[in-house]
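Reader: I should like to learn how features of a protein model are read. May we go through some of them together?

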Amino acid sequence: MSQKNLLLVPGDADNLRRRSATDHSGPQHPELGAEGMLSPEVSAHHFCAFTPKSFLTVPRGGHGTSVQSTPSREARSTPSRCGEEGWHDGTTKTTIRVDNEVEAHREANNYKFGFRKWKGNVTERPIEDQSDIIKELHSDLSIVKPQEGSVLTFGNIAYVFLFGWWISLVYLLIGLVMFLTILGAPYGKLCLKMAWYFIWPFGKSVDKEGDLVKRSIIKPFKCEVIPEERDSEDSKDPVMEKDSAPLLMSSPIPIEIPVPERPFRKTSNHWCRVSTYVWLILGYPILAVVHSLACVLSWLLVFTIPVSKMNARTMTTVLLMAPEEVHFHKLEKTNWCGSRVILCCYHAFNVYYYKYTVHGVNILALNLLPLVVFTLIIGYTDREHKYFSTETKFATAIFSIIPLSYYIGKGIASISAQSNFAVGAVVNATFGSITEMTFYITALLQGQRAGTKCYEEIVKAALTGTLLGCILFIPGICMIIGGIKHREQRFNSRSAGVSSALLFISIGGVFAPTLFSKIFGNLMCESCTIIPGNGSVPFVCKDCHYDTTQTDPHLVLAQIEPLVYTIAVLLPSAYLIGLIFTLKTHSHIYDIHISDGHGGHAHGQYAREGTSTYHLTGHHVVHWSRWRALGVLILATALMACCADLTTENIGPMLTHSSISQLFIGVTVLAMVPELPEIVNGMQFALQNNISLSLEVGSCIAVQVCMIQIPLLILFNACFDVGFVLVFNDIHLWCSIFSVILVNYIFMDGKCDYFQGTALVVVYLILLALYFFAPSPRSC
């Protein structure tokens, strides 16, 4: 008896995989579903948001291929190896889907210790490979699509009040003018139609005469043929092959389907008419200004970009056509020939337009560039504050840092993704902290010119605020967002433990001079008053602090400064040891596999030797080349220096006349505004169930603050003597120590939820309240 071969269609293959997955016992990883089954301890050590396609694939040849490594399979086949270390030694690889070699570099850099975490592609992805949401954002307004739902939405109604009424009113006025010229009467009729269209353009289309042909939608009879499989002996018999041929497999029979003949299209000669030039002189310029204004306003609002596209197409195409060629139709269920539709719009508002990109640049960062130009103009031209106040200049300067931080981060990611590990590490170390360092140095120089120590206190408050925000707020908000969507998330507890240990080392080193001054300094009390009749408590003091200069004038010079310089050497050394530990000797903590996204085959392994060994051949177009990214980095750094200079120059009145504590200003505004792009990246990682990278975003910044930025400030002070002494206020000391202890306790179990995130955010807000009600520093 001959055996029949089993034919699996894609649906059957999926069912077979699901049945085979459910046959196994044991818990499933929440990110893998039923296809990648790991122990909960194992899943805690995986870094990225896993996709089933990356772990189990069925190629065309019909053989399933798992991209997990051999140790992972051994771990599943040897259940005797129990315990966290057994699972960790057996299964530590993470598989990530990428499209090309450059994206593989970028993803690998995200998992390397010491590298800033970056969200977003550095290469251009074909639109057909994008998600449906992205396709909708970049869709053309000349394509008629099946209408889903009603066009009577809140966004469309808001369009009428924001744009529709005044655009229609201008069309009515222009139409009246064109009727008065008599020669422009055809354009007057067009203006009346356009006024009616723009008051409610949704569900309507603007078509061109001669190209409007109703489409005949003919759906031929669809049948599916599954030929019966035969054994090898029967397949060799030509007679059997002829007799067993299915009846439906005969040669196709040509069928003639009548299609309406397209009408003859006359060549338009409206450019030779007098009415056209009357229109171009009296009507079109005014409407061009109106549409340009509506286009700019709707573009800046981001979520109303469809309105911007509609106004741009009207100004550049519709208004330059012959008036008799323009026709308006209501979009019904019957499709019209979409290739000749000039303009059609369904919705004026789309909440997902914050994802819109122009040549790889996010729309929000692109729209904030005019703010940078405006800041530089008013900052360096209005020195006497005649037209703009110092508060306005300070606000525009501090918010101009946000887009510049984005461009610096994108430039770093672009260069690192197209270079080897050494170049990427140098670029990250050089430009990774450039945003904060620019502000700190300009503030210290401004304090030296002003002859006050208040700016030094602001710098120390900003340093502490960055630590508190990266230790508490960034992980907390990411846990809340990720926990609401995914309930409970797991992260790599060993890598988090490395970051926590480095944070302990960092806090101990940074605040060692402060503890030294408290041990050997003299307690000085000021603003003391005598209470009459109270002999037990003769004095009441409101300002007590430790002063090292009163006890021993040479204490700072002889002992504290050598201690500071010693710390400035030890902290970068600890950072270097952490790099060697995570990238060389214990690289399995960050070990990942790269999948090419076409069949799920693993092509490379990262972080074991510090280099990549993949062979991805996918076609890609890089948004920014290395030289272009370097140019953007240099230009953004120069603009950052200018904006930081304007910030410190205009913060003076706020420090002297503000009722809010200067410490609070430094801890909040100056510390967290430059980190907004990093916060957004962490939130996006959390939404994709990649909480490990969300936590590493904050840890990476905090470690760089202590082990790179502070030693650089000490070096800068040694060269230029701006009066920066590494002795912090008591509030900075105890808040930082408490935050590190708390976050280390949260990270112990390798899993998190929104409750733990809420705890971190609440503690952060409590500390902010402490700074808000704290008295101003003595030097301010």
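Author: The dialogue below takes up burial, the surface, cavities and backbone angles in turn. Please keep in mind that this is a predicted model.

Reader: Let us begin with burial. Is Leu 713 buried or exposed?

Author: A residue is called buried when its relative accessible area is under 20%. Leu 713 has a value of 0%, and therefore counts as buried. Its place is in helix H28, which covers residues 691–720.

Reader: Which residues does Leu 713 touch, if those up to four places away in sequence are not counted?

Author: They are Met 437, Tyr 440, Ile 441, Leu 444, Val 459, Leu 463 and Phe 724. As for Phe 724, 11 residues separate it from Leu 713 in sequence, and the C-alpha to C-alpha separation of the two is 7.8 Å.

Reader: I turn now to the surface. Which residues form a nonpolar patch there?

Author: The patch consists of Ile 133, Phe 349, Val 351, Tyr 352, Tyr 354 and Leu 364, and together these have about 500 Å² of accessible area. Consider Tyr 352, in the loop between strand E7 (341–345) and strand E8 (357–358). Its relative accessibility is 35%, so Tyr 352 is classed as partly exposed.

Reader: How does one find empty space inside a model?

Author: Rolling a probe the size of a water molecule over the atoms reveals where empty space remains. In this structure, a search of the whole yields 3 cavities of 30 Å³ or more. The volume of the largest cavity is about 250 Å³.

Reader: What lines the largest cavity?

Author: Its lining has 23 residues, and those nearest the centre are Arg 116, Trp 118, Gly 409, Ile 412 and Glu 678. Two or more lining residues come from each of helix H6 (101–110), helix H16 (390–417), helix H17 (421–431), helix H18 (434–450) and helix H27 (676–687). H16 gives the largest share, with 7 residues.

Reader: Finally, the backbone angles. What is the phi of Val 302, and where does this residue lie?

Author: Its phi is near 65°, which is positive, and the residue is not a glycine. Val 302 belongs to the loop between helix H12 (274–300) and helix H13 (305–316). With a relative accessibility of 4%, Val 302 is buried.

Reader: What may be said of His 359?

Author: His 359, again not a glycine, has a positive phi of about 55°. This residue sits in the loop between E8 and strand E9 (361–362). A residue over 50% relative accessible area is called exposed; His 359 has 65%, and is therefore exposed.

Conventions:
Residues are numbered from 1 along each chain as its sequence is written. This is a predicted model: local features need pLDDT of at least 70, side-chain atom pairs count only at pLDDT 80 or more; totals for chains, interfaces and linings use all residues. Side-chain values use heavy atoms; hydrogens and water are left out. Helices (H or I, at least four residues) and strands (E, at least two) are DSSP runs, numbered from the N terminus. Buried means under 20% relative accessible area, exposed over 50%, partly exposed in between (1.4 Å probe, protein chains only). Contact means heavy atoms within 4.5 Å. Patches are made of residues with over 30% relative accessible area and no salt bridge: like charges are joined within 9 Å, nonpolar side chains (Val, Leu, Ile, Met, Phe, Trp, Tyr) within 5 Å. Accessible areas come from the Shrake-Rupley method with a 1.4 Å probe; for residues, only the protein chains shown count as cover. A salt bridge is a side-chain nitrogen of Lys or Arg within 4 Å of a carboxyl oxygen of Asp or Glu. On a 1 Å grid over the protein atoms alone, a cavity is a set of points where a 1.4 Å probe fits but cannot get out, and a pocket is an open set with protein on both sides within 12 Å along at least five of seven lines; lining residues have an atom within 4 Å of a point. Grid points are joined across faces, edges and corners, and a volume is the space filled by probe spheres set on the points.
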